[in-house]
Amino acid sequence: MSPTTQQWTPTHGEPYRPVPYRPERMPAQESADTAAHLRGRMDERRTVRRFSPDPVPEQVVRDAVACAATAPSGAHQQPWTFVLVKDPQVRAQIRAAAEQEEQISYDGRLGDDWLAALRPLGTDAVKSHLTDAPVLLVVFQQRYWLGPDGTKRKHYYVDESVGIAVGMLLTALHLSGLAALVHTPSPMRFLGHVLGRPENEKAFAVIPIGYPAEDCEVPGLIRKSLDQVLTEV
Ligand code: IYR
C-alpha cells in the first residue's frame with residue numbers, strides 16, 4: 001500500500017511533516033510520446049447519452065473513483081463523496097425527480113438564451129440514461145467537515161477540488177474504455193434526500209457510466225484547436 005493511502009484521519013493544525021518525493025524522471029522522448037498518445041486518446045472521449053445495457057466490470061469503476069480521489073484539493077481536505085447507486089428503485093426515483101425538474105427547465109426556466117446554447121447538443125428533459133446505464137455514480141461535495149460530535153470545519157476551494165476530481169474520474173473511465181455523462185440536474189437538492197446523505201454534503205453531479213449503445217449518436221461538435229485555447233506571453 002502506498003503511504004498516501006494508509007487510513008486517513010482529518011488533520012487540522014498539525015505541524016508540517018515533509019517526506020521525500022523522488023519520482024524517477026521520465027526520459028524526454030518517452031514523455032513526448034506519452035503526451036502525444038494521451039492527447040489523441042483524450043480527443044476520442046465523447047459525452048454519451050445513450051448507453052448499452054451491457055454490464056461493466058465494477059472494479060474498473062472502483063479504480064476510476066480511486067484515481068479521482070487522488071486529485072489535489074484545497075488544504076488536502078478531499079471534500080468529495082462518490083455514491084455508487086445500485087438499487088434499481090433508487091435509480092428510478094432519481095430519474096423521476098430529475099426529469100420532473102428538467103421538464104420545468106426545458107419548458108422555460110432556463111430561458112431562451114440558455115436553450116439556444118443547448119440546441120446543438122440535442123438534449124431534452126428525458127433522462128433515460130439515469131436508469132439505462134449499467135452504473136450510476138453520484139458525486140457529492142462536502143461543503144464542510146462534519147465531525148462525529150457535530151463539530152463543523154470549513155472546507156476550502158470545494159468547487160474547484162471536486163471539479164478536478166471529476167475531470168480525473170472522466171479521464172480514468174475513458175482511458176479504461178468506459179463512457180460517461182456528467183449530468184447536473186438543477187436543482188439537485190433531491191439527490192441528498194433520496195440517497196440519505198449528511199447535511200454537509202451537496203450534490204455536484206450525477207454520472208451514468210457504461211458502454212455506448214450500438215446505435216449511439218453524439219452531436220457533431222468541433223473542439224477548439226490548441227492555438228485557440230493556449231496563448232503564450
Ligand atoms: N441540466 C440540463 C440542461 C443542460 C445544461 C447544460 I450547461 C448542458 O451542457 C447540458 C444540459 C440537462 O441535463 O439536460
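This report walks through a predicted model of one protein chain with a bound ligand, from its overall build to its sheet, its cores and its ligand site.

**The chain as a whole**

Let's start with the broad picture. The chain holds eight helices and six strands. Reading from the N terminus, these elements follow the order α-α-β-α-α-α-β-β-β-α-β-α-β-α. Along the principal axes, the C-alpha atoms fill a box of roughly 55 × 55 × 40 Å. Of the 233 residues in the chain, 33% are buried. The exposed surface of the chain comes to about 15,300 Å², and carbon and sulfur atoms supply 54% of that area.

How much of the contact map joins residues that are well separated in sequence? Among contacts with a separation of 6 or more, 81% are between residues 24 or more positions apart. For a single pair of residues, take Pro10 and Gly147: they are 137 residues apart along the chain, yet their C-alpha atoms are separated by 9.3 Å. Pro10 sits in the segment before helix H1 (28-43), and its relative accessibility of 35% makes it partly exposed, because that class lies between the 20% limit for buried and the 50% limit for exposed.

**The sheet**

Four strands form an open sheet in the order S1-S2-S6-S5, and their pairing is antiparallel. Strand S1 (80-85) and strand S5 (179-180) are the edge strands; each has a single partner strand, so one side of each lacks a neighbour in the sheet. Strand S2 (residues 135-142) and strand S6 (residues 201-210) are joined by eight bridges in the antiparallel sense. If you would like to find this pairing on screen, look at Gln142, whose bridge partner in S6 is Glu201.

**Two nonpolar cores**

The largest nonpolar core has 24 residues, and those touching the most other members are Phe82, Leu137, Leu169, Leu173, Ile207 and Ile209. Helix H2 (58-68), S1, S2, helix H6 (158-175) and S6 each give two or more residues to this core. H6 makes the largest contribution, with eight residues.

Which residues does Leu173 touch, leaving aside those up to four places away in sequence? They are Val61, Ala64, Leu178, Ala180 and Ile209. A second core, separate from this one, has 16 residues, including Leu136, Phe140, Leu191 and Leu195.

**The ligand site**

Now to the ligand. The residues around it are Glu102, Tyr106, Trp114, Leu118, Leu121, Asp124, Lys127, His183 and Thr184. Three of the polar approaches to the ligand are set out below.

| Residue | Protein atom | Ligand atom | Distance |
|---|---|---|---|
| Glu102 | side-chain N or O | nitrogen | 3.3 Å |
| Lys127 | polar side-chain atom | oxygen | 2.5 Å |
| Thr184 | backbone N or O | nitrogen | 3.4 Å |

Thr184 takes part through its backbone, whereas Glu102 uses its side chain, as does Lys127. On its own, the ligand has 380 Å² of accessible area, and the protein covers 70% of this. Helix H3 (88-109) and helix H4 (112-118) are the elements that give two or more residues to the shell around the ligand.

Notes: Residues are numbered from 1 along each chain as its sequence is written. This is a predicted model: local features need pLDDT of at least 70, side-chain atom pairs count only at pLDDT 80 or more; totals for chains, interfaces and linings use all residues. Side-chain values use heavy atoms; hydrogens and water are left out. Two strands pair if DSSP finds at least two bridges between them. A nonpolar core is a set of buried Ala, Val, Leu, Ile, Met, Phe, Trp, Tyr and Cys residues joined through side-chain atoms within 4.5 Å. Buried means under 20% relative accessible area, exposed over 50%, partly exposed in between (1.4 Å probe, protein chains only). Contact means heavy atoms within 4.5 Å. A residue is near a molecule or strand if one of its heavy atoms lies within 4 Å of it. A polar contact is a pair of N or O atoms within 3.5 Å; within protein, one must be able to donate a hydrogen and the other to accept it, and residues adjacent in sequence count only if both atoms are side-chain atoms. Accessible areas come from the Shrake-Rupley method with a 1.4 Å probe; for residues, only the protein chains shown count as cover.
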